[in-house]
Amino acid sequence: MRKMISIFVSGILIGAGGLIGLWPCAADGRSVETPNVVYILADDLGYGDVHALNIKSSIPTPNMDRLAGEGMTFTDAHSGSAVCTPTRYGILTGRYCWRSRVKRGVLNGYSKHLIEPDRVTVADLFKQAGYATACIGKWHLGMDMPSHPKGQQYLGGGDPIKNGPRSIGFDTFYGVSASLDMPPYVFIEDEHFEEMTTTNFQTRGFPTYSRGGKMAPGFRHEDGLDILTKKATDYIKAQDGKPFFLYFPMTAPHKPVLPHPRFRGKTSLGPYGDFIVQVDWTVGQVLNTLDELGLVDDTLVILTSDNGSFMY
């Protein structure tokens, strides 16, 4: 029996103090003083999309249902701002989002850093406790890309990006700077673009909506969640007994609504329903990795969403 696996859904925002305080117990009742913590943040997951929370949902979500069944479900939640950037600021700093410079709305893919370099974050607290720390996924809290002449965007290469995730407590970062509907369309590893953004992406309409802008030649939106999932599971496998904190902010089911081809047609609700199936599969890959490594009794899994669905 997995007593430590928990699900936090419908916008629960866990700040620095709350997250550190959620110590699990193993199945045999012993205390786990340094449990691994995996914080999975879905992007625009609707409350009613998860079958465990809505028996009328026609979308199969067996892995999220498993979390709800084996752990705890919290359904009474309140948020100071129900969009991407403020949610992430609150989760990592434990502060009200409106105490930052962003009083409304969100940042874009080229925005300057939002979290002050001297601000203590959840990742800092875990590092102080001897944990390995990683952020894999969608950042959307700003980072300082090297400046270029007016009218030009940073293409990658050259000087490193500053004031990103690794400046506020994370040992490693792999992901995208903002939502997958915002350029630059390129993966970032630590402080560098994985590729130069030498191609131009043309704007798409809803629901595959994406803004036009710079893109790396090898970047495909449909592959994004698969790539991040593998990075996350590979990170878990590489820790070899050291306690770790993995912050895994997924890029889905936020627009562009582009499930991988192998998930298309899995539901009767079109691409959005199919995308939820892929999100659930992603959660399952993380849980299966913990199972395979025998880490189930030493790991706290938290799943939540930054806000409700954008679909209409």
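# Exercises on a predicted model

The count of disulfides here comes to zero, under the rule that the two cysteine sulfur atoms of a pair lie within 2.5 Å. The structure is a predicted model, and the exercises below work through its chain, helices and loops.

**Exercise 1. State how many helices and strands the protein chain has, and what share of its residues is buried.**

Step 1. Count the elements: the protein chain has six helices and eleven strands.

Step 2. Take the burial: of the 312 residues in the protein chain, 55% are buried.

Step 3. Look at the contacts with a separation of 6 or more: 73% of them join residues 24 or more positions apart.

**Exercise 2. Decide whether C97 and C135 are buried or exposed.**

Step 1. The cut-off for buried is a relative accessible area under 20%.

Step 2. C97 has a relative accessibility of 11%, so C97 counts as buried.

Step 3. C135 has a relative accessibility of 0%, so C135 also counts as buried.

Step 4. A disulfide is a covalent bond between the sulfur atoms of two cysteines. The count of such bonds in this model is zero.

**Exercise 3. Check the length of helix α5 against the span expected from its residues, and find what covers its buried side chains and backbone.**

Step 1. Helix α5 covers residues 224–238, which is 15 residues.

Step 2. The expected span is 1.5 Å times one less than the number of residues. For α5 this gives 21 Å, and the end C-alpha atoms are 21 Å apart, so the two values agree.

Step 3. List the buried residues of α5: G224, L225, D226, L228, T229, A232, T233, Y235 and I236.

Step 4. An α-helix has 3.6 residues a turn, so residues three or four places apart point the same way. This can be compared with the list in step 3.

Step 5. The cover over the buried residues of α5 includes strands β4 (132–138), β5 (172–176) and β10 (244–253), together with helix α6.

Step 6. After α5 comes D240, with a positive phi near 50 degrees.

**Exercise 4. Place Q278 in the structure and describe its surroundings.**

Step 1. Q278 sits in helix α6.

Step 2. Its relative accessible area is 0%, so Q278 is buried.

Step 3. Leaving out residues up to four places away in sequence, Q278 touches L225, D226, P259, H260 and F263.

Step 4. Take one of these partners, D226: Q278 and D226 are 52 residues apart in sequence, while their C-alpha atoms are 9.0 Å apart in space. D226 is itself among the buried residues of α5.

**Exercise 5. Classify the crossing of helices α2 and α6 and describe their contact.**

Step 1. The axes of α2 (residues 62–70) and α6 (residues 270–292) come within 7 Å and cross at roughly 55 degrees.

Step 2. Angles under 35 degrees count as roughly parallel, and 65 to 115 as roughly perpendicular. The pair is therefore oblique.

Step 3. On the α2 side, the contact is made by P62, N63, M64, R66 and L67. On the α6 side, I276, V279, D280, W281, V283, G284, L287, N288 and D291 take part.

Step 4. By class, the contact of α2 with α6 has eight nonpolar, three polar and three charged residues.

**Exercise 6. Find where the cis peptide bonds before P184 and P256 lie.**

Step 1. The bond from P183 to P184 is cis, with omega near 10 degrees. P184 is in the loop between β5 and β6 (188–189).

Step 2. The bond from K255 to P256 is cis, with omega near 5 degrees. P256 is in the loop between β10 and α6.

**Exercise 7. Describe D44 and H140, two residues other than glycine with positive phi.**

Step 1. D44 has phi near 70 degrees and lies in the loop between β2 (36–43) and α2. Its relative accessibility is 4%, so D44 counts as buried.

Step 2. H140 has phi near 60 degrees and lies in the loop between β4 and β5. Its relative accessibility is 1%, so H140 counts as buried.

**Exercise 8. Compare the separation of T299 and F245 in sequence with their distance in space.**

Step 1. T299 is in strand β11 (residues 299–305), and at 1% relative accessibility T299 counts as buried.

Step 2. T299 and F245 are 54 residues apart in sequence, yet 9.6 Å apart from C-alpha to C-alpha.

Key:
Residues numbered from 1 in each chain as written. Predicted model: local features only at pLDDT ≥ 70, side-chain atom pairs only at ≥ 80, totals over all residues. Heavy atoms only, no water. Axes fitted to C-alpha atoms, helices over the stretch in contact; angles between N-to-C directions. Helix = DSSP H or I, 4+ residues; strand = E, 2+ residues; numbered from the N terminus. Parallel < 35°, antiparallel > 145°, perpendicular 65-115°, else oblique. Contact = heavy atoms within 4.5 Å. Nonpolar A, V, L, I, M, F, W, Y, C, P; charged D, E, K, R; others polar. Buried < 20%, exposed > 50% of the residue type's maximum accessible area, 1.4 Å probe, protein only.
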